[in-house]
Amino acid sequence: MDKRVGLIDMLAAELAELEAQGLKRRRRTLEMPSRAHMMLDGHPVISFCNNDYLGLAGHTDLIHASRDAAVEAGVGAGSAHLVAGHHRLHAQLEKELADFVGMQDALLFSTGYMANIGAVTALVGRGDAVFGDKLNHASLVDACLLSRAELTRYPHGDLDFLEAKLKVSTARRKLVATDAVFSMDGDIAPLPELLALCERYDAWLLVDDAHGFGVLGEHGRGVLEHFATRHSPLATRLIYMATLGKAAGVFGAFVAGHPTLIEWLVNKARTYVYTTATPPMLAAAVSTSLKLIAADDWRRIRLKELIAQLREGMAGQPWTLMESNTPIQPLVVGDNATALRLAEALRERGVMVPAIRPPTVPQGTARLRISLSAAHAAADVERLLATLRDLAG
Ligand SMILES: *Cc1c(COP(=O)(O)O)cnc(C)c1O
């Protein structure tokens with residue numbers, strides 16, 4: 001008799017194990033756009049799950065821009081950028097993005113995941129060294145691993161540790177990679193200090209501004225505006241990356257930097273070369289989104305007010321918010337089961353907040369990740385606060 005455990009049985013056993021640990025993931029199917037206010041199973045809910053920080057994802061201007069562009073340019077790009085998929089709308093958007101963030105040139109990628117993989121693996125390889133913050137997004141971690149460069153993961157924000165490692169590294173090329181706003185904690189990386197370290201030890205600095213673009217800085221130009229490092233003389237070693245599916249409300253990502261760097265990526269970033277260009281209609285939607293990000297200061301002002309309201313309202317509750325001034329406001333709960341139970345209890349009361357568990361965050365730090373958006377009203381945050389108070393009592 002065949003004593004082998006079947007391949008499917010092995011997977012099923014491991015899935016059951018995940019289930020037992022409160023780590024099994026499930027998808028919820030929506031019948032409508034994912035927005036701050038939506039209907040779920042026939043009931044109205046307020047969602048704090050979304051990365052649509054400015055409330056632009058459903059904006060009529062974006063809808064019209066993509067519809068008009070679809071009529072003009074079709075839906076599918078048809079081929080990769082280097083073959084025949086590079087449309088005028090892509091080229092125009094790249095210029096606008098570079099201008100917007102204050103870098104010389106920019107290159108569009110299909111997703112942030114692909115931008116990180118493409119940029120890191122094009123710049124470092126075997127015999128080189130990469131350094132990444134321990135709390136970096138999974139796509140940056142994967143990018144560093146895939147590059148085959150020697151990887152050092154430094155404790156979150158520990159620049160002394162990083163400097164000691166940079167100092168002794170004899171690698172010909174070095175690259176430091178960091179989230180600008182840490183996606184599960186909401187804190188901001190010390191960009192000027194990181195840039196200075198990279199200058200001292202002649203390393204590239206890749207900054208992933210997925211959660212800062214559109215949100216940080218007076219005009220929403222992102223982490224470079226926040227720290228006033230735009231147009232910095234040190235910026236030749238800076239590789240700026242941001243995604244377009246969060247505050248920009250569309251889809252995709254870009255890398256911005258020195259024109260020679262961008263030309264190198266056009267030639268060498270495998271996730272750019274070997275993939276179909278994104279639909280040009282999405283580029284048109286992002287162009288429109290950039291105009292709204294720049295024009296609608298009220299969205300960032302509203303966000304700041306909501307953040308302050310939430311933080312004041314949480315004072316004195318049993319669970320504490322992590323230190324964060326960004327729309328990412330994590331409420332650390334501890335164990336997986338409690339986080340899940342709390343998220344479920346909130347959902348039953350019409351408030352959606354995702355429970356984030358390991359391996360996305362370290363063991364024992366399961367949390368509710370509250371995402372605020374300009375699409376929320378003060379009454380929505382009050383409702384969240386009241387429901388949490390209720391559950392705590
Ligand atoms: C969301 C995110 C990404 C991935 O971007 P996608 O466009 O969704 O692939 C990369 N880095 C960070 C920090 C993110 O939060």
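## A walk from a proline loop to the ligand

Start by selecting Pro359, which sits in the loop between strand 13 (355-356) and strand 14 (366-371). Keep in mind as you go that this is a predicted model. Now add Pro358 to the selection and look at the bond joining the pair: the peptide from Pro358 to Pro359 is cis, with omega near 10°.

**Across to helix 14**

Next stop, Leu342, in helix 14 (residues 336-348). Is Leu342 buried or exposed? Leu342 has a relative accessible area of 7%, so it counts as buried. While you're there, pick Leu368 too and draw a distance between the two C-alpha atoms: you should get 8.2 Å, for residues 26 apart along the chain.

**Into the cores**

Time to go inside. Select Val176, Phe213, Tyr240 and Phe254, the residues with the most contacts within the largest nonpolar core, which has 85 residues. Then colour helix 12 (residues 280-295): this helix supplies the largest share of that core, eight residues. If you colour by domain, you'll see both represented, since the core takes at least three residues from each of domain 1 (26-54 + 297-392) and domain 2 (60-294). There is another core, apart from this one, with 26 residues. To find that one, select Ala122, Leu140, Leu206 and Leu265, which are among its members.

**A histidine in a short stretch of helix**

Jump to His81, in helix 3 (residues 81-85). With a relative accessible area of 10%, His81 falls under the 20% cut-off and is therefore buried. Show side chains here and add Tyr272: the side chains of His81 and Tyr272 make a polar contact at 3.4 Å.

**The ligand**

Now centre on the ligand and bring up what surrounds it. Which residues come nearest? Out of 13 residues around the ligand, they are Gly112, Tyr113, Asp208, His211 and Lys246. By type, the shell splits into eight polar, three charged and two nonpolar residues.

Take the polar pairs one at a time:

- Gly112: a polar backbone atom here is 2.7 Å from an oxygen atom of the ligand.
- Tyr113: look at the backbone again, where an N or O atom lies 3.0 Å from a ligand oxygen.
- His211: this time go to the side chain, with an N or O atom 2.5 Å from an oxygen atom of the ligand.

Switch on a surface before you leave: on its own the ligand has 380 Å² of accessible area, and the protein covers 81% of that.

**Two positive phi values**

Finish with a couple of backbone oddities. Select Arg148, in the loop between helix 6 (138-147) and strand 5 (150-154). Its phi is positive, about 70°, even though Arg148 is not a glycine. Arg148 is exposed, at 55% relative accessible area.

Then go to Ala228, in the loop between helix 9 (223-226) and strand 8 (238-243). What is phi at Ala228? It is near 55°, again a positive value in a residue other than glycine. How does Ala228 sit, buried or exposed? Its relative accessible area is 65%, and since the cut-off for exposed is over 50%, Ala228 counts as exposed.

How values were computed: Residues are numbered from 1 along each chain as its sequence is written. This is a predicted model: local features need pLDDT of at least 70, side-chain atom pairs count only at pLDDT 80 or more; totals for chains, interfaces and linings use all residues. Side-chain values use heavy atoms; hydrogens and water are left out. A nonpolar core is a set of buried Ala, Val, Leu, Ile, Met, Phe, Trp, Tyr and Cys residues joined through side-chain atoms within 4.5 Å. Buried means under 20% relative accessible area, exposed over 50%, partly exposed in between (1.4 Å probe, protein chains only). Helices (H or I, at least four residues) and strands (E, at least two) are DSSP runs, numbered from the N terminus. Domain bounds come from an automatic or database domain assignment. A residue is near a molecule or strand if one of its heavy atoms lies within 4 Å of it. A polar contact is a pair of N or O atoms within 3.5 Å; within protein, one must be able to donate a hydrogen and the other to accept it, and residues adjacent in sequence count only if both atoms are side-chain atoms. Accessible areas come from the Shrake-Rupley method with a 1.4 Å probe; for residues, only the protein chains shown count as cover. Ala, Val, Leu, Ile, Met, Phe, Trp, Tyr, Cys and Pro count as nonpolar, Asp, Glu, Lys and Arg as charged, and the others, Gly among them, as polar.
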